Amino acid sequence: MATGTSPPCYHTLQHYSSIAPVQTRALQQLSNRNPSKRIETLPMTLANHDIARIFREIADSMEILGEDRFRILAYRRAGDAIANLPRPLAEYRAQQNLEEVPGIGKTIAEKIGVLLDTGSLPLHERLKGQVPTGVLDLLRVPDIGPRSAKRLHDELGIASLDELRAAVEAGALRGLKGFGAKTEQRIRQGLDALAQHEQRTLMSTALVAAEGLIAALRAALPDMERVSYAGSLRRARPTIGDLDLLAAAADTGPVVRAFTRLSEVARVISAGEAKASVVLHSGVQADLLVVPPAQWGSALQHFTGSQAHNIRFRELALERGLSFSERGFRQADGNLLTCADEAAVYATLDLAWIPPELREDRGEFVAARAGTLPHLIDLADMRGDLHMHSTWSDGRATIAQMAEAARARGLDYIAITDHSAYLGVTGGVDAERLREQAAEIAQINAAYADQGEVFRVLHGVEVDILPDGELALPDAALAVLDIVVASLHVSLRQPQEQITARLLRAIANPHVDIIAHPTGRILERRAGADLDMEAILQAAVAHNTLLEINSGPDRLDLDALHVRRALELGAGIVINSDAHNPDDLDWLRYGVLTARRGWATADQVANTWPPARLRSHVAQ
Ligand code: DGT
Ligand code: CA
Ligand code: CA
Ligand code: ZN
């Protein structure tokens, strides 16, 4: 028996007769026949994601038209800021704090007002006349920027994705100066990827949205017994398709109604007595299911998934003559065994409770039965953050500010790792500036020591791995640093053999301690480099080089599968924020979730270690 502590599942008093499900279905059909009663009607204001899209279209159009860079940047920033807001824009305006949102200034705030009041914006309408929507669509192809889009339109008359596809098939692109066979091939691949692409939301966006919804629901319904997110978000997938929320209440209707009335909700797709589907202002779809408290455990297990995990789980149940559904275990005699708690669901099949991050049918059942599930790392285990930037390169805060923010978050140490000068990043560091930076860091550490603080700042760098595998700083400059983080930023599309050799060379450099965001992927936008990962992971073990899980919400690189393989081979992992301002330090939680999905324990992650152990490891 793998667990003994969780409460057992209970027989319900109710016996399910064979016709009960039919009755339920009939009732549902009845209620579906009259949907207008169930669907809430909301005033037709633009949702945040509509307004974000309008600003982004303005930026894209202006870029195609070659307008002022700073204006373009302002609209693009506003679009990004609005897309990530937790609350509807109308609320910010009502509270007169629109302009306090970073990325929204006076002009943008006025334009938001016009959009909220009238549903459109003269500037946007005018630009639509100058740049057809189909030309803006061209920018969705990964390798097409504004300049190429403009040329495709002006020189070949292409004004839609379909026309682009036809031009590619006809070989018409090769007539354009600078558009070779290679470019054509990449555009073809981009079009294919776009055709099968399903829009997914970053885990960070979904998590913030889910937490907001849950807090709002709790506030609206103090009597509600339990509420949680489930689905791919609970399993910590890097991106999620839709948000699944589960609540437990004896009376389900009021929970559904409170949910559809939350201010985060832009549109109600459907709403019944126990479930609802809505679209949030962020554009994310959210499903809510409300169950009786006695069924909480089985429902949470079901809606957490994954589908592969659930299928396997149900097979294991059937082996014992139990048929499992979100309501509980049905015995051969028709009795239903309900489970109020998820641990009881697993315990019924002699399995230890399986952390959601592991529920992908990748060996978790064997481990749960044998009692060998890993004790997964937690955010609270993190003691340091070994990759972040300051105003010495492209960061927004000083070293002292980053240090204080990290200390306030409970960390014991950080490494400041500004970019090497090579990237062309504002004020990157060279050997000379590194010496000046060392003096500033020494002062900050001396001040902490004087105050009796344990907190320390390590001195590092994020050095570029040049296209030939050479590093952008000489060994002598690296040798005096506490931590050297090396990363690929340019020429990510080299062929596998070349880019693998390039990274292997960096891993083998004795001064390099950490490889940052090893594959360089950007979620939903750019695939990682074509690396021979097995060779990379083995080299990391051989050279004692740590591999980073970059916690940037659009990176999460290494991904969970590579983390798991790295740990199997015995490689060391670090989880870093790559923060460019103090708030980004909070990203560590996404990195920790990714590590958990990769079956990582705290001890396998080097920045959970005390500083002395870390120092001796990187000194090897
Ligand atoms: P997503 O939304 O695409 O990121 O992925 P999930 O895993 O959140 O999938 P979703 O939202 O379609 O469904 C949530 C969970 O509900 C899923 O992980 C398992 C369960 N589920 C949904 N449909 C089925 C099904 O047809 N069979 C089984 N066994 N489980 C299902
Ligand atoms: Ca989902
Ligand atoms: Ca769903
Ligand atoms: Zn960085």
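These questions and answers look at ligand 1 and a pair of strands in a predicted model.

Visitor: Which residues come nearest to ligand 1?

Guide: Arg200, Ser232, Arg235, Gly241 and Asp242 do, out of the 15 residues around ligand 1.

Visitor: What makes the pair of Arg200 and ligand 1 a polar contact?

Guide: The cut-off is 3.5 Å between N or O atoms. An N or O atom in the side chain of Arg200 is 2.8 Å from an oxygen atom of ligand 1. That value is within the cut-off, so the pair counts.

Visitor: How do you know that Arg235 and Asp242 make polar contacts with ligand 1?

Guide: A polar side-chain atom of Arg235 lies 2.9 Å from a ligand 1 oxygen atom. For Asp242, a polar side-chain atom also lies 2.9 Å from an oxygen atom of ligand 1. Each value is within 3.5 Å, so each pair is a polar contact. The protein covers 69% of the 600 Å² of accessible area that ligand 1 has on its own.

Visitor: Which helix gives the most to the shell around ligand 1?

Guide: H14 does, with three residues. Helix H12 (231-234), helix H14 (296-304) and helix H15 (307-319) each supply at least two.

Visitor: How do the shell residues divide into nonpolar, polar and charged?

Guide: Two are nonpolar, nine polar and four charged.

Visitor: Why are strands S6 and S7 called a pair?

Guide: Pairing needs at least two bridges. Five bridges join S6 (residues 265-271) to S7 (residues 275-280), so the strands pair. They run antiparallel. Val265 has Leu280 in S7 as its bridge partner.

Visitor: How many residues lie between S6 and S7 in their hairpin?

Guide: Three.

How values were computed
Residues numbered from 1 in each chain as written. Chains lettered and ligands numbered in written order. Predicted model: local features only at pLDDT ≥ 70, side-chain atom pairs only at ≥ 80, totals over all residues. Heavy atoms only, no water. Near = heavy atom within 4 Å. Polar contact = N/O pair within 3.5 Å; in protein donor to acceptor, adjacent residues only side chain to side chain. Areas by Shrake-Rupley, 256 points an atom, 1.4 Å probe, with all protein chains shown as cover. Helix = DSSP H or I, 4+ residues; strand = E, 2+ residues; numbered from the N terminus. Nonpolar A, V, L, I, M, F, W, Y, C, P; charged D, E, K, R; others polar.
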